[in-house]
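Biologist: I've got a model open and some words I'd like explained. Can we go through them together?

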Amino acid sequence: MSDRIEKVSAYVVEIPRDVPYLGPLREGEHVNRRGYIVRQGNRTLYPTADRSVVLRIDTERGLTGWGETYGIVAPDAVRAIVEDVVAPVLEGRDPSAPAVIHEDLYDLMRVRGFFGGFYLDTLAAVDIALWDLLGRRLGVPVSTLLGGRRHDRIAAYVSGLPRATLEERVAFARDWQAKGFRGFKFAAVVADDGAEAEIAALREGLGPRAEIMADLHWRHTAPEAIRLIRRMEPHRLAFAEAPCAPEDIEGIAAVARGVGVPVALGEELRTVFEWQPRIAARCLGIGQPEMGRTGITEFVRIGALCHATHIAVMPHAAIGVGLFMAASLQASSTLQKLPWHEYQHSIFDPNLRLTQPTGTRHMACAAGFYTLPDGPGLGVEPSAEMLALLA
Ligand code: MG
């Protein structure tokens with residue numbers, strides 16, 4: 001049954017939140033007139049509200065696929081790329097070849113140097129929507145299309161401890177531990193007493209069985225990172241994330257060689273072309289692809305690269321309404337070496353109301369594990385509440 005893409009639409013969704021991402025405002029931080037904060041710890045721009053870009057593809061036969069990408073900063077850039085570049089190219093095209101379409105869209109802009117950034121974010125949303133559409137049309141989950149589901153549940157680690165003091169952060173982690181979670185990642189940039197004191201207190205509070213990870217937020221030179229990570233090792237650090245600037249391939253490789261725990265990275269990398277040189281330089285022991293930036297086609301290819309080079313995959317979880325999260329669970333469930341998936345407690349649970357299952361079971365995260373939806377496509381679709389936000 002042939003079909004054609006009739007319409008591609010992008011929507012910016014904004015969801016207010018009580019406490020800004022990375023916790024309350026700190027010294028020297030303020031909200032600017034566009035609602036952004038420059039976090040002094042890592043010199044990075046964050047919005048005060050959660051934002052996302054939702055993408056909808058409709059076909060001539062009346063089928064719909066849903067995708068999503070990052071919208072936390074300048075979401076109108078993605079919307080403009082959809083309207084001006086992507087939608088006119090896709091209209092009239094057979095939607096049943098997501099990977100082929102992804103390659104064709106990538107080629108449209110590659111000689112101009114658009115290898116990443118907003119252009120690839122846009123392609124991620126389109127790719128997720130096309131896989132969703134194909135799964136719905138065939139009546140199977142995306143994981144089936146990708147070769148089959150290996151995991152029905154995925155271990156989830158608690159990411160970020162958004163409390164003002166170390167004592168409160170330890171108590172916060174212990175609350176999650178009491179709910180059955182076993183893995184915890186702290187952000188070194190907001191560890192006021194230093195990363196070593198942070199892990200020492202967490203280890204004491206959580207006991208010997210907890211897995212404790214540190215996100216270093218790209219802040220250090222290689223020698224600094226090596227010294228810092230070595231000081232955390234006696235407290236049984238599980239992995240060190242993003243130790244150096246994203247571009248510093250040699251520096252990160254030096255860190256990976258110089259410490260006794262795996263280096264984790266990848267949330268900011270969108271295609272295999274960005275992953276391959278870092279893998280070849282042996283920068284990482286753990287890969288953290290972010291579905292909202294890679295889309296399904298690149299995520300699966302990155303997973304294959306990691307598989308071929310004995311790198312474990314622990315996918316990143318970004319701020320979103322739940323659609324790219326569902327895509328991440330679908331693709332992750334097919335991976336062999338998958339010790340953890342990140343769990344953004346302040347985003348995943350409050351936003352579950354924005355999606356509903358396409359089958360009988362919704363996605364969930366409880367007692368330390370994600371469970372996957374059972375319906376076709378992504379397994380979730382926008383709820384009435386989200387559809388109202390898109391209107
Ligand atoms: Mg991170």
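**Domains and helix crossings**

Modeller: Sure. The chain is assigned domain 1 (5-140) and domain 2 (144-390), with bounds that come from an automatic or database domain assignment. This is a predicted model, so local features need pLDDT of at least 70 and side-chain atom pairs count only at pLDDT 80 or more, while totals for chains, interfaces and linings use all residues. Residues are numbered from 1 along each chain as its sequence is written, and side-chain values use heavy atoms, with hydrogens and water left out.

Biologist: How many residues does the contact take from domain 1 and from domain 2?

Modeller: Contact means heavy atoms within 4.5 Å. The contact takes 43 residues from domain 1 and 53 residues from domain 2. Their centres, taken over C-alpha atoms, are 20 Å apart.

Biologist: What is the area buried between domain 1 and domain 2?

Modeller: About 3900 Å², with carbon and sulfur atoms giving 64%. Buried area is the accessible area (1.4 Å probe) that two parts lose on being put together, summed over both. On the domain 1 side, Arg-26, Glu-68 and Tyr-70 supply 17% of what that domain buries against domain 2, more than any other three residues.

Biologist: Now helices. Why is α10 called roughly parallel to α11?

Modeller: Helices are DSSP runs (H or I, at least four residues), numbered from the N terminus. Axes are lines fitted to C-alpha atoms over the stretch in contact, and angles run from 0 to 180 degrees between N-to-C directions. Helix α10 (residues 291-308) and helix α11 (residues 323-332) have axes that come within 10 Å and cross at roughly 30°. That makes α10 roughly parallel to α11, as angles under 35 degrees count as roughly parallel, over 145 as roughly antiparallel, 65 to 115 as roughly perpendicular and the rest as oblique.

Biologist: And what makes α1 and α2 oblique?

Modeller: The axes of helix α1 (residues 75-90) and helix α2 (residues 98-109) come within 11 Å and cross at roughly 140°. α1 and α2 are therefore oblique to each other.

Biologist: Which residues meet there, and of what class?

Modeller: Val-85, Val-86, Val-89 and Leu-90 in α1 meet Ile-101, Leu-105 and Leu-108 in α2. That's seven nonpolar, no polar and no charged. Nonpolar covers Ala, Val, Leu, Ile, Met, Phe, Trp, Tyr, Cys and Pro; Asp, Glu, Lys and Arg are charged, and the others, Gly among them, are polar.

Biologist: Why is α3 called oblique to α10?

Modeller: Helix α3 (residues 117-138) and α10 have axes that come within 7 Å and cross at roughly 50°. That makes α3 oblique to α10. The residues in this contact include Asp-121 and Trp-131 in α3 and Arg-293 in α10. By class, the contact has six nonpolar, four polar and three charged residues.

Notes: Helices (H or I, at least four residues) and strands (E, at least two) are DSSP runs, numbered from the N terminus.
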